[in-house]
Amino acid sequence: LQPKPLRGKRVLITAGPTAEPIDPVRVLTNHSSGKMGYAIARAAHEAGAEVTLVSGPTALVAPRGVLRLDVDTAEHMLAQVLAEVARNDVFIAVAAVADWRIKHVSPSKLKKNGDASMTLEFELNPDILATVAALPNAPYCVGFAAETDDMERHAAEKRVRKQVPLLVGNIAQQSFGADESVLTLFDEQGGHPLPRLPKLAGARQLIAQIAQRLPR
Ligand code: C5P
């Protein structure tokens, strides 16, 4: 029998990329397969939680027993998260959210005018994780940081900046689209590396760590 350390808990997870429209046929997006977030959703469900997965566009099928809500833009993801968050005990932000959106989305397809270059104006998207972490009665918040260099320093800084008790660092070059994860957990005590594992096994370890840290 599997242990069910999250029995009676509700877990909200974001996963996948977001897609910000440029015009009706083009989007601005991030590299993200969604595999890590979906593996975490599955592991949380196995651990007995009621799981809601707010997902950007991916090619993946929702794990059995997990409620999946599809979104496209960061603003849509934030709205869906805010609509769900109050009933949840844990929020795990795994999505690779586009930091910027296009300021003026063209209602019709942008045409090549013979110009060699073209300029788009961006505006900052909301930070979903920081917004949730700042809510009164915020759930236990877990963030992710995919870094290309100096992962330890960036991840530890990000945990403090976003004011979350737990932040999971990984090295972007090792994780994008891969089937294995190399995760390091950062809490107020410092960094705790997990072994290199298939993403589902890594997700199970992460869920076990989160369950241990929840207020009783
Ligand atoms: O700042 P950065 O994008 O590196 O932070 C990554 C963490 O913050 C991830 O947990 C990601 O899901 C979350 N995030 C978010 N909303 C954003 C940007 C990042 O929830 N706009």
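The following dialogue discusses a predicted model, beginning with its sheet and ending with its ligand.

Biologist: How should one read a sheet, and in what order do the strands stand here?

Modeller: In general, strands of a sheet pair through backbone hydrogen bonds, either parallel or antiparallel. In this model, eight strands form an open sheet with mixed pairing, in the order β5-β4-β1-β6-β9-β10-β12-β13. The edge strands, β5 (67-70) and β13 (190-193), each pair on one side only. On average, neighbouring strands of the sheet are turned by 20° against each other, direction ignored.

Biologist: How many bridges join β9 to β10, and do these strands run parallel or antiparallel?

Modeller: Strands β9 and β10 (residues 166-171) run parallel and are joined by six bridges. Gly143, for instance, has Leu167 in β10 as its bridge partner.

Biologist: Which strands does helix α6 touch as it packs on the sheet?

Modeller: Helix α6 (residues 199-213) touches β6, β9, β10 and β12 (184-187), and its direction makes about 160° with that of β10.

Biologist: Which residues are the closest to the ligand, and how many surround it?

Modeller: The ligand is surrounded by 15 residues, of which the closest are Ala93, Val97, Ile128, Leu129 and Gly143. Two elements, α3 (128-133) and β9 (140-147), give two or more residues to this shell. Strand β9 gives the most, with three residues.

Biologist: How do the residues of the shell divide into nonpolar, polar and charged?

Modeller: Nine residues of the shell around the ligand are nonpolar, three are polar and three are charged.

Terms used:
Residues numbered from 1 in each chain as written. Predicted model: local features only at pLDDT ≥ 70, side-chain atom pairs only at ≥ 80, totals over all residues. Near = placed C-beta within 6 Å. Helix = DSSP H or I, 4+ residues; strand = E, 2+ residues; numbered from the N terminus. Nonpolar A, V, L, I, M, F, W, Y, C, P; charged D, E, K, R; others polar. Pairing = 2+ DSSP bridges. Axes fitted to C-alpha atoms, helices over the stretch in contact; angles between N-to-C directions. Contact = placed C-beta atoms within 7 Å.
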